[in-house]
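Visitor: Please take a close look at one part of this model, its salt bridges. Which side chains pair up, and are they buried or exposed?

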Amino acid sequence: MAMDAKEIELKAKALTKAATSNEPASSIVSLLKELQKGVKATEDLLRSTRVGIIVNKFKQHKSPEVARLSSEIVSKWRNEVNKQKAGASPGASQRSSGSPRPTPNGTASPAASTPTDKKSKLSVPPERRSWKADGVEVNQTGSKIRDSCIGLVYDGLALNSTEPPRAVLSKAVAVEAAAHGAFGPETKEQYRTKIRSLFQNLKNKSNPTLRVRVLSSEVTPEHFVKMTHDELRSDEQREKDRRIQKENMDKAMVAQAERSISTSLQCGKCGQRKVTYTEAQTRSADEPMTLFCTCLNCGKSWRQ
């Protein structure tokens, strides 16, 4: 059942109190889920209760689950309001194709219905996709560093993908929030290093399945940001590395020919008589064996 304005205001106040009192993340998640289920967003309702502004602040919460859930709620309400505007006026669809407009929660809003939301009408080929090319709004957190990181994750996820920009953006926001929760704040080098590492792995042409697994939620954002180097690699990469390792082990286990030391052989470079050698039959059986020599003093090698 949809909440009325009074109920929404009470939940919003409870959220504010939970934040200022440092209540556990589970309490905040419970309140957010109630709002997610009970609020039928309209522009007037969000404006009068200010619940959008309050929920939007939790997108920077240290708990990845709180940050992700608040981001989902804000996006959901934004979409609902934009759909209402698009249906209310014939010219709304034309306005929505322009630059993003602010919503009651104070954040920029992507257009409600644009051609780039459809798989069949991407504005650029999949291999050239980026947040700029797709025309999405990455200013989601109010922090330049974090918004820049959202754009970087978006570029990695969108490469060679036909997923709608809105879906890619939602996932990029969730991944950044998880990284911020695990390695933040954004001023820490560990956070920025992690984002760069995730981007490099996402755009790796030899591991295209990683992007698909993240976008399809087979790998959750919380797990993705904590995956080890080995877990990030594809099955093909791991199998290739295993073969190389086995070949190297086999080579290392091959018995090396025993080398003898001679004082009768003289190095033609340094004149020293500290020479090791091995013998091998490289010619016909009635020919003498070939000596492979190495000077212990200067390292010169020759055969005779």
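**Salt bridges**

Guide: In this predicted model, the side chains of E176 and R146 form a salt bridge, with N and O 2.7 Å apart. E176 belongs to helix α9 (residues 165-183) and R146 to helix α8 (residues 144-158), so this pair ties together parts that are 30 residues apart in sequence. Both ends are out of the solvent by the accessibility criterion, under 20% being the cut-off for buried: E176 is buried at 1% relative accessibility, and R146 is likewise buried at 1%.

A second pair also joins two helices. E34 and K11 meet through their side chains in a salt bridge of 2.4 Å, N to O. Here E34 sits in helix α2 (residues 25-38) and K11 in helix α1 (residues 5-20), so the link ties together parts 23 residues apart in sequence. E34 is partly exposed, its relative accessible area being 31%, and K11 is also partly exposed, at 23%.

The pair of R213 and E218 is another salt bridge, and its closest N and O atoms are 3.4 Å apart. That distance still counts because the limit is 4 Å. R213 is partly exposed at 25% relative accessibility, whereas E218, at 58%, is exposed.

Not every residue involved belongs to a simple pair: R68, E72 and E222 are linked in a network of salt bridges. The count for the model comes to 13 salt bridges, among them E176 with R146, E34 with K11 and R213 with E218.

Conventions: Residues numbered from 1 in each chain as written. Predicted model: local features only at pLDDT ≥ 70, side-chain atom pairs only at ≥ 80, totals over all residues. Heavy atoms only, no water. Helix = DSSP H or I, 4+ residues; strand = E, 2+ residues; numbered from the N terminus. Buried < 20%, exposed > 50% of the residue type's maximum accessible area, 1.4 Å probe, protein only.
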